[in-house]
Amino acid sequence: MKKKGFTLVELLAVITLLGLIALITIPVITNTMSKQKEKLYYDQLNQLILAAQNWGTDNIETLSTLNNKCSNDYTITLSQLRNESSNSNNAEEFVSYLDKDFVNPKTDKNFLDNEISIKVYKNNKSYIYCIQTNDCMNTKNDEYKNIANNICCDGDTVKQRVNACILNK
């Protein structure tokens with residue numbers, strides 16, 4: 001009688017091949033996911049800058065008190081952008097520039113006021129908006145450092161703009 005089925009050697013060969021494929025693909029997938037989270041983090045910071053600029057447009061009287069020397073700044077908090085202090089009963093006064101569930105993709109938790117803020121500097125008739133956060137420049141992926149430099153207070157581009165602003169006093 002002829003037996004149908006796989007031999008132990010064939011099964012071990014298939015399991016070994018599947019193990020090798022997993023050994024190769026899992027790190028690649030993990031690295032790709034990590035890079036995408038990092039990119040999404042900086043996309044979120046860019047959205048934060050846009051929300052702060054919208055807030056600044058609606059609150060220009062507050063920002064106009066800054067002097068042109070860039071020696072002082074105004075800090076916009078996430079609470080201000082979420083308008084958590086406003087009375088939501090009056091719909092005309094309630095404007096939210098940022099979703100209440102503005103999530104940090106690195107931690108999958110909401111950004112908190114004590115971990116991130118936006119500094120605004122006045123340079124003649126324009127304003128410089130920059131993010132201030134502890135992990136802004138701690139990117140592992142060199143490809144995102146240029147994004148960080150354009151939006152972070154400790155980034156080279158923003159430092160140059162603020163320093164040039166101070167020198168033009």
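**Salt bridges, a core and a long helix**

Modeller: K119 has a relative accessible area of 15%, so K119 is buried. Bear in mind that this is a predicted model.

Colleague: Thanks! With which residue does K119 meet in a salt bridge?

Modeller: K119 sits in strand 4, and its partner lies in the loop between helix 2 (60–63) and strand 1 (74–76), 46 residues apart from it. That partner counts as partly exposed because its relative accessibility is 30%. The two side chains meet at 3.4 Å, N to O, and the partner is D73.

Colleague: And E38, in the salt bridge with K106: is E38 buried or exposed?

Modeller: The side chains of K106 and E38 meet at 3.6 Å, N to O. This pair also links distant parts of the chain, with K106 in the loop between strand 2 (103–104) and strand 3 (109–110) and E38 in helix 1. K106, at 28% relative accessibility, counts as partly exposed. Buried means under 20% relative accessible area, and E38 has 9% relative accessibility, so E38 counts as buried.

Colleague: How many residues apart are D43 and K39?

Modeller: The side chains of D43 and K39 form a salt bridge at 3.4 Å, N to O. An α-helix has 3.6 residues a turn, so residues three or four places apart point the same way. D43 and K39 both lie in helix 1, and their spacing is about one turn of the helix: four residues.

Colleague: Which element gives the largest share of the largest nonpolar core?

Modeller: That core has 28 residues, and L45, L48 and I118 are among those with the most contacts inside it. Helix 1 (8–58), helix 3 (78–82), strand 4 (116–123), strand 5 (126–133) and helix 4 (145–151) each supply at least two of its residues. The largest share is eight residues, and it comes from helix 1.

Colleague: How far apart are the end C-alpha atoms of helix 1?

Modeller: Helix 1 has 51 residues, and at 1.5 Å a residue they should span 75 Å. The distance in the model agrees with that expectation, because the end C-alpha atoms are 73 Å apart.

Colleague: Is L23 buried or exposed?

Modeller: L23 is found in helix 1. Together with L17, L20 and I24, L23 forms a nonpolar patch on the surface, with about 430 Å² of accessible area together. The cut-off for exposed is over 50% relative accessible area; L23 has 62% relative accessibility, so L23 counts as exposed.

Definitions and conventions. Residues are numbered from 1 along each chain as its sequence is written. This is a predicted model: local features need pLDDT of at least 70, side-chain atom pairs count only at pLDDT 80 or more; totals for chains, interfaces and linings use all residues. Side-chain values use heavy atoms; hydrogens and water are left out. A nonpolar core is a set of buried Ala, Val, Leu, Ile, Met, Phe, Trp, Tyr and Cys residues joined through side-chain atoms within 4.5 Å. Buried means under 20% relative accessible area, exposed over 50%, partly exposed in between (1.4 Å probe, protein chains only). The expected span of a helix is 1.5 Å times one less than its number of residues. Patches are made of residues with over 30% relative accessible area and no salt bridge: like charges are joined within 9 Å, nonpolar side chains (Val, Leu, Ile, Met, Phe, Trp, Tyr) within 5 Å. Accessible areas come from the Shrake-Rupley method with a 1.4 Å probe; for residues, only the protein chains shown count as cover. A salt bridge is a side-chain nitrogen of Lys or Arg within 4 Å of a carboxyl oxygen of Asp or Glu.
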